[in-house]
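This report goes through one protein chain by its confidence, buried elements, helix packing and charged pairs. Please keep the sequence and coordinates at hand while reading.

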Amino acid sequence: MRGNRQPRVRSGNELHPAPAMEPAGRGAWAHSRAALYRLEKLLRCSRCNIFGLRPVDYTDSENMKSLLLLPEKNESSSTSHCSVVNTGQRRDGPLVLIGSGLSSEQQQMLSELAAILKAKKCAEFDSTVTHVIVPGDTVQSTLKCMLGILSGCWILKFEWVKACLQRKEYEQEEKYEIPEGPRRSRLNREQLLPKLFDGCYFYFGGSFRHHPKDSLIKLVTASGGQILSRKPKPDSDVTQTINTVAYHAKPDSDQHFCTQYIIYEDLSNHRPERVRQGKVWMASSSWFIDCVMSFELIPLDS
């Protein structure tokens with residue numbers, strides 16, 4: 001036998017103790033319990049989907065139904081947002097900060113805050129970013145800010161950085177959040193709802209100068225949309241019979257059934273032939289950007 005390993009004797013009548021579980025305070029078991037708790041909380045959400053159905057309507061298990069119908073426990077505001085407020089460690093992971101449109105002085109202050117909160121500060125946007133900091137009190141049309149909106153990040157005024165530096169600890173974000181589009185997107189992510197352009201396809205025709213085509217494609221990908229390599233044909237039976245709907249379009253509008261958009265650069269002199277037939281509509285790049293910044297499918301003029 002190698003080392004100190006003992007031979008194992010198997011007996012059909014021998015009772016073997018169950019393997020020891022890790023303490024609830026550490027290790028994979030703790031992560032599993034935290035994940036199950038979060039899943040339970042999210043599944044109990046009473047919000048309906050586009051068909052008016054709740055999670056409880058989709059299960060046949062009586063045990064799961066009883067779980068979904070349990071009343072939600074009251075939680076204090078201090079624990080619902082952040083379990084440890086002075087280390088940068090949130091309930092859903094570490095803080096990852098990025099600035100958009102900040103001056104060099106503001107970027108330096110953001111770096112100081114990252115050190116205090118033990119957070120990570122990024123130069124380029126990626127999927128780990130949790131907070132996007134902008135200089136004023138309005139949303140910006142920069143790629144970083146728009147990717148942050150589509151990802152459901154906190155989009156915060158720079159005043160949040162100043163407040164955290166002044167107190168040398170983590171400040172709750174709600175007071176400093178940019179309202180409307182960014183807030184809608186964050187709540188959409190927290191409620192596990194589909195992304196902005198879920199169910200939509202985009203074809204970019206012509207050249208794009210104000211917002212490069214590569215940036216527009218990144219925005220489509222981040223918003224759950226799909227890129228079409230060929231221009232859709234409105235008179236095609238295949239195109240018109242695609243069985244998808246735009247989740248975030250108003251249910252009582254024609255746009256609810258439009259799933260394929262031909263996007264053109266409206267700031268150029270080129271004006272393509274207008275298309276608005278069935279599931280294929282034409283829209284400008286400005287409309288697309290406005291939808292991203294407001295996090296809604298803005299109705300197109302008829």
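Is histidine 211 buried or exposed? With a relative accessible area of 14%, histidine 211 is buried, because the cut-off for that class is under 20%. The model is a predicted one, and the values below are computed from it.

**Confidence**

The average pLDDT of the chain is 76, and 66% of the residues score at least 70. Residues 9–26 have a pLDDT below 50, and that stretch makes 10 contacts in the model beyond near neighbours in sequence. For residues 73–91 the pLDDT is also below 50, with 35 contacts in the model counted beyond near neighbours in sequence.

**Histidine 211 and phenylalanine 204**

Histidine 211 sits in the loop between strand 7 (201–204) and helix 8. When neighbours within four places in sequence are set aside, its contacts are Ser141, Met146, Leu216, Glu265 and Ile289. Of these, Met146 is one of the buried residues of helix 5, and Ile289 is one of the buried residues of helix 10.

Phenylalanine 204 belongs to strand 7. Its relative accessibility is 7%, so phenylalanine 204 counts as buried. Outside the four nearest places in sequence, phenylalanine 204 touches Lys213, Leu216, Ile217, Val220, Ile227 and Ile263. Leu216 thus appears among the contacts of phenylalanine 204 and among those of histidine 211. Between phenylalanine 204 and leucine 228 the C-alpha to C-alpha distance is 8.0 Å, with their positions 24 residues apart in sequence.

**Helix 5 and helix 10**

Why is helix 5 described as largely enclosed by the rest of the structure? Helix 5 covers residues 143–150, and six of its eight residues are buried, so the rest of the structure largely encloses it. The buried residues are Cys145, Met146, Leu147, Gly148, Ile149 and Leu150. They pack against strand 5 (131–134), strand 6 (154–157), helix 7 (181–190), helix 8 (213–222) and helix 10 (285–294). Glycine 152 follows helix 5 and has a positive phi, near 75°.

Helix 10 is also largely enclosed by the rest of the structure, because eight of its 10 residues are buried. These are Ser285, Trp287, Phe288, Ile289, Cys291, Val292, Met293 and Ser294. The elements covering them include helix 5, helix 7, strand 7, helix 8, strand 9 (260–264) and strand 11 (280–284). After helix 10 comes phenylalanine 295, with a positive phi near 50°.

**Packing of helix 4 and helix 6**

Two packed helices are described by the angle between their axes and the distance between the axes. For helix 4 (residues 104–117) and helix 6 (residues 159–167), the angle is about 50° and the axes are 10 Å apart. The two helices are therefore oblique to each other, and their crossing is left-handed. On the helix 4 side the contact involves Met109, Leu110, Glu112, Leu113, Ile116 and Leu117. Helix 6 contributes Trp160, Val161, Lys162, Cys164 and Leu165.

**Salt bridges**

Side chains of opposite charge can pair when their charged atoms come close. How many salt bridges does the count come to? The count is seven, among them the three tabulated here with the distance between the closest N and O atoms.

| Arginine | Glutamate | N to O distance |
|---|---|---|
| Arginine 167 | Glutamate 169 | 2.9 Å |
| Arginine 183 | Glutamate 177 | 3.2 Å |
| Arginine 186 | Glutamate 177 | 2.7 Å |

In the pair of arginine 167 and glutamate 169, arginine 167 counts as exposed at 51% relative accessibility. Glutamate 169 is partly exposed, its relative accessible area being 24%.

Arginine 183 is partly exposed at a relative accessible area of 32%, whereas its partner glutamate 177 is buried at 3%. In the bridge between arginine 186 and glutamate 177, both residues are buried. Through shared partners, salt bridges link Glu177, Arg183, Arg186 and Glu190 into one network.

How values were computed. Residues numbered from 1 in each chain as written. Predicted model: local features only at pLDDT ≥ 70, side-chain atom pairs only at ≥ 80, totals over all residues. Heavy atoms only, no water. Buried < 20%, exposed > 50% of the residue type's maximum accessible area, 1.4 Å probe, protein only. Helix = DSSP H or I, 4+ residues; strand = E, 2+ residues; numbered from the N terminus. Contact = heavy atoms within 4.5 Å. Salt bridge = Lys/Arg side-chain N within 4 Å of Asp/Glu carboxyl O. pLDDT = per-residue confidence, 0-100. Axes fitted to C-alpha atoms, helices over the stretch in contact; angles between N-to-C directions. Parallel < 35°, antiparallel > 145°, perpendicular 65-115°, else oblique. Left-handed = near helix turned anticlockwise from the far one by under 90°.
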